Each structure stands twice: as C-alpha cells, then as structure tokens.
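Visitor: Please take one part of this protein and look at it closely. I would like to follow the reasoning step by step.

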Amino acid sequence: MVSFRVAGPSEYLAITGTGIKEIKIAKKSWIFPGQVCICFDISPESYSFRVQAISSDNVTFVLPAVLTIGPRTDDVASLEKYARLISSQDKNSCKEHVKEIVKGVIEGETRVVASTKTLGTIFHEPKIFNNEVVEHVQKELLPFGLLIYNANVRQLVDERGIGFVSTAGIKMQQERANQAKVEVAEETMKGDMGVKEREGHMSQYAAKVDTETKIYTKQRLGELQKEEAKVTMEVKLFENEREAEVAKANAELAMKKAEWERQTEMEQVEATKAVQLRDAELQIEVERKNAARQMEMLKAENLTKAKVEYQTKMRESEWELYNKQNAASAALYEQVQAADGCRATAEAALFESQKEAEGELYSMQNEAKALEDLAKGESEYLKSLMEKFEGDYNKVRNYMMVDKGVYEEIAAINADMMRSLQPDIRVMNQ
C-alpha cells in the first residue's frame, strides 16, 4: 500500500527499492509498493575511550578521550554512507555498532601517531599530538559519513606499574617552579635598575628643562622688543598714509564741487533756452491747428454738397433698378411657369413608363418563378426516377425518351425523310 512517511526533527528517511537507483535520503516522502524505508537518528553521540598505546621509545601509556561523533548532516553523500552503515542493524544495536567502529578507528590511529613520537614529545607537546590524532581519526571516519563535532583528549595516564608519566609531570612542575623563581628574581632586579635609571633620567631632564627655559625666556624677550618696535613703525606709517589720503580726498572734493557748480549753471541756461524754444514750437503748432481747422470747415461744406448730390443720384438709380427688377421678375415668373408645365408633363410620361416597366418586370418575375418551379419539379422527378432505377442513368434516359414520345418523333422524322427520297422499291417474285 502507498503510505506517506515524515521524519522527526533529528531524523532522516532512507528509501530504497522500485524507482530509486541507490538510496534516497529525505525528510518526508511517499512510500510506494516495492520500496523499503527506514528512519535513522542523526543526533551526535559522545563516546569515552581509554586507548593504550606505545611511544617510539617503547613506553606504554593510556590516553583518555571523549569524542562527540555523529553523521554529517550538510552532505547528502555522507548521509547515504551512514545509512548504509546502520542499515543492517536494528535500533538497539545501531549505537553499539557505531561505537565499535569508532573505537577501532580511534585505537588504531592513536597507536599509529604515538609510534612516531617519543613520550617526552607527547608529554611536552600535547596539543600537537591531540590535533594529529583527531585529524587521522576524522580522515578514517569520512568513508562512514561520520564527523567529529567535539574532541576532548585528556592528559596521559601511566600504565599500571609504570610511573614515567607521573614522574615526568612532577619534574615538569618542579622545572616550572624553578623557572618561576628565576623569572621573579630577574624581574625584581630589573625593577631596581629601572628605578635608579628613572631617578637619573629625572635629574637630567630637570636640568635640561631649566636651561631651555632660561634660553626661551631671553629669546622671547628679544622677540617682544622687536615686535614692539615694528608695531610703532607700522603705526607711524599708517598715520602718514591716512593724512595723505585725507589731503587727497579734500582736493578731489574741491574739484568735484567746482565741476558741480559749472554743470548747474549750464543746466540752468539750457533750461531757459529750452523753455523759449518750447514756446515758439507751441505758437507754430497753434497756427497750424487754426489753418487745419479752417481747411476742415471748407472740406465739410464741400462734402455736404457732394453728399446731397450723391444721394439724389442714388435715389434715381435705385428707382430705375427697381423698375428693371420688376420687369425681369415678371419674365422670370412666366419662364418658371412654363418650365413647371414641361416638368409635370415629363413626370407624367416618366410615371407611365415606370408603371409599364414594373408590369413587365412583374410578368418576367412570374415567368421566372414558374420556370423555377417547373425546374424544381423536373429535378425532383428525375431524382425519384434515379432512386427508382437504382441510379442507372441509361435506364432513366430510355424511360424519359419513351415517356416524352421521342422514339415516335424520331420514327416520324425518319419516315418523312424516306418519303422525301421517293425510293424505287421493286419486289421480285420468282
């Protein structure tokens, strides 16, 4: 039966069977007949190990470690590898199976890495050793689709009956304590020397500052005196320049006043002459206006006389035109009446011809309709004959010729032709 499976938040579905080439990894999917689906957990698991190994100098030790390992979830190919790894196990034995594989890989790689290093190197450089072990283990876990999420490798532990690791630890602690004491003494000595050097530097710096202060004070006093003398000279120069500018401004003002007075007098003279000239122009304009007024009066009198004569002649011409228009209107009315009579006659003749044409058209339409009906009847008659004689055209033709008397007419025509030939027929009797 067809079913729909959905995996949990920390689970995936592995599907094989019909329509799937190898393995299909999904969070949800339809399961069709002929397909097998398993649901596997991808939560990382923490595994604790105590690996016994031998260093390159043949010293046995124990390496405790806790690794958090789980399938790689960001790669579909890794999920497929992990699904193949656990496909043959049930849910109860799945974790144990993975733990055995991981344990075997860790023990093997730890022993391989330890065999290339001395115990002193491993003890003094534990970080490098741990990183190498984790890298080798991760490389071997990739074919199974597993990833190390966290690695916690603890300090080395002595094998039973062997105290090398503890002795080396005590030695290292003592060396560190001695080194710390030496460093404290050195730092104390450096501090005392630094204090003395600081005091000497302070004395030298104070003397140097006093000397530089005296020199700076003298230099500053000389600069101030120079600045004061320079300012005094600049003030005097500025006052002289201002006096010269004031004198120059007074001279320019006097020249401008004289120029303004001259221009004022000239403008007054020009204004007087302009007034006199304007009076003369106005007088001439008054005389011109008087002459123009008299001329206009004469023109008005002459124009009035001309208008009267023009209106009189216009009245006479309008009367003559009115008489001529009346005569022309009478003649035109007679012509229009005559034309109306001709048009009525023509319209009557046209009406008669139209009626005759309509009658002929009606007759022709009736004849055409009769012929059409006759043709339809003959068509239906021929159609019925064809159906009767089962579509045999020759039989229909012979029937029509017999029905229409065509054979009799042909025989009569032949007899008439033979009669017109007047044959000489003799019968011989023996």
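Guide: Start with Cys-39, which has a relative accessibility of 23% and counts as partly exposed. The model is a predicted one. Cys-37 has a relative accessibility of 17% and counts as buried. The two values fall on opposite sides of a cut-off, because buried means under 20% relative accessible area.

Are these two cysteines bonded to each other? The count of disulfides is 0. Cys-37 takes part in none, and the nearest cysteine sulfur, in Cys-39, lies 7.0 Å away. A disulfide needs two cysteine sulfur atoms within 2.5 Å, so the sulfur of Cys-39, at 7.0 Å from that of Cys-37, is too far away for a bond.

Now turn to the strands in this part. Three of them, in the order S3-S2-S5, make an open sheet with antiparallel pairing. S3 (24-26) and S5 are the edge strands, and each of them pairs on one side only. On average, neighbouring strands here are turned by 25° against each other, direction ignored. Strands of a sheet pair through backbone hydrogen bonds, in a parallel or an antiparallel way. Between S2 and S5 there are 7 bridges, in the antiparallel sense.

One residue of S2 is worth following: Tyr-12 stands opposite Phe-40 in S5. Their side chains also meet. A pair of aromatic rings is described by the distance of the centres and the angle of the planes. The model has 3 aromatic pairs. One of them is formed by Tyr-12 and Phe-40, with 6.4 Å from centre to centre and 25° between the planes. The pair counts as stacked, because planes under 30 degrees apart fall in that class. Tyr-12 belongs to strand S2 (residues 11-17) and Phe-40 to strand S5 (residues 35-41), so the pair ties together parts that are 28 residues apart in sequence.

Are the two residues buried or exposed? Tyr-12 has a relative accessible area of 18% and is buried. Phe-40 is buried too, at 3% relative accessibility. Tyr-12 has another neighbour: Lys-27 lies over the face of its ring, 4.8 Å from the ring centre.

The aromatic group takes in a third ring, since Tyr-12, Phe-40 and Tyr-82 form one cluster. Tyr-82 leads to helix H1 (residues 76-86), where it is one of the buried residues. Among the others are Leu-79, Ala-83, Leu-85 and Ile-86. The buried residues of H1 also include Ser-78 and Glu-80. At the start of H1, a side-chain oxygen of Asp-75 comes to within 3.4 Å of the backbone nitrogen of Ala-77.

For comparison, look at another strand, S7 (residues 60-71). S7 is mostly covered, with 12 of its 12 residues buried. Strand S6 (residues 45-54) pairs with S7 in the antiparallel sense over 10 bridges, and one bridge there joins Ser-48 to Val-66 in S7. S6 and S7 form a hairpin with 5 residues between them. In that turn, Asn-58 has a positive phi of about 60°. S7 also pairs with strand S8 (residues 146-153), in the antiparallel sense over 7 bridges. In this pairing, Pro-71 has Leu-146 in S8 as its bridge partner.

To return to the part examined first: Tyr-12 and Phe-40 stand opposite each other on paired strands, their rings are stacked, and together with Tyr-82 they form one aromatic cluster.

Methods
Residues are numbered from 1 along each chain as its sequence is written. This is a predicted model: local features need pLDDT of at least 70, side-chain atom pairs count only at pLDDT 80 or more; totals for chains, interfaces and linings use all residues. Side-chain values use heavy atoms; hydrogens and water are left out. Rings of Phe, Tyr and Trp (its six-membered ring) pair if their centres lie within 6.5 Å; planes under 30 degrees apart count as stacked, over 60 as edge-to-face and the rest as tilted. Helices (H or I, at least four residues) and strands (E, at least two) are DSSP runs, numbered from the N terminus. Buried means under 20% relative accessible area, exposed over 50%, partly exposed in between (1.4 Å probe, protein chains only). A charge sits over a ring if NZ of Lys or CZ of Arg is within 6 Å of the ring centre and within 35 degrees of the ring normal. A polar contact is a pair of N or O atoms within 3.5 Å; within protein, one must be able to donate a hydrogen and the other to accept it, and residues adjacent in sequence count only if both atoms are side-chain atoms. Two strands pair if DSSP finds at least two bridges between them. Axes are lines fitted to C-alpha atoms, for helices over the stretch in contact, and angles run from 0 to 180 degrees between N-to-C directions.
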